[in-house]
Amino acid sequence: MTSAAKGLVALAAALVLLAPLGFAWFVSSFLVHRPPDTMPGLATHPWTNADPRSLHGLAFSDVAFTTQDGIEVHAWLVPATTGTEPRRGVVFVHGRGGSRRFVLGILDELHAAGLDVLSLDARGHGETGEH
């Protein structure tokens, strides 16, 4: 085999091995994460400036807690309307590029199931600071 043929074989092997990595990068950087300012229709979406009371008529509290490294994490606490029986709850954490407002799409179902809901803005999202 000539050196030119060996070079072509090496190039083809490299492409075969690197193509899946390139595809994975494409999927993760474009399809999985779209920064909120580039999401179509976000400015007119009903959740953009909504909260549990304005969208679903549910009472809630704005809460915040500070992490060990000094970041103030903002959240909504939506209590269930159960009596004295033991209560159950769920912590809702949005995906990359989201905010606590993403719970608004399922909040009425969670509330109807009798669950307390804590929905937070992860670090660097919504009203929670960066590092």
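Q: Why is H94 called buried or exposed in this predicted model?
A: In this predicted model, the relative accessible area of H94 is 8%. Buried means under 20%, so H94 is classed as buried. H94 lies in the loop between β3 (88–93) and α3, and it touches S99, R100, F102, L120, D121, A122 and H125, not counting residues up to four places away in sequence.

Q: What makes the pair of H94 and A122 a polar contact?
A: A polar atom of the H94 side chain lies 3.0 Å from the backbone nitrogen of A122. The limit for a polar contact is within 3.5 Å, and the pair therefore meets this distance criterion.

Q: Why is L15 called buried or exposed?
A: L15, in helix α1 (residues 3–32), has a relative accessible area of 54%. Exposed means over 50%, so L15 is classed as exposed. Together with L8 and L11, L15 makes a nonpolar surface patch of about 320 Å².

Q: What makes D62 and R100 a salt bridge?
A: Their side chains meet at 3.2 Å, N to O, and the cut-off is within 4 Å, so the pair qualifies. D62 lies in strand β1 (residues 61–66) and R100 in the loop between β3 and α3, so the salt bridge ties together parts that are 38 residues apart in sequence.

Q: How do you know whether D62 and R100 are buried or exposed?
A: D62 has a relative accessible area of 56%, and the exposed class is over 50%, so D62 is exposed. R100 has 2% relative accessibility, and the buried class is under 20%, so R100 is buried.

Key: Residues numbered from 1 in each chain as written. Predicted model: local features only at pLDDT ≥ 70, side-chain atom pairs only at ≥ 80, totals over all residues. Heavy atoms only, no water. Patch = residues over 30% accessible without salt bridge, like charges linked within 9 Å, V, L, I, M, F, W, Y side chains within 5 Å. Areas by Shrake-Rupley, 256 points an atom, 1.4 Å probe, with all protein chains shown as cover. Helix = DSSP H or I, 4+ residues; strand = E, 2+ residues; numbered from the N terminus. Buried < 20%, exposed > 50% of the residue type's maximum accessible area, 1.4 Å probe, protein only. Polar contact = N/O pair within 3.5 Å; in protein donor to acceptor, adjacent residues only side chain to side chain. Contact = heavy atoms within 4.5 Å.
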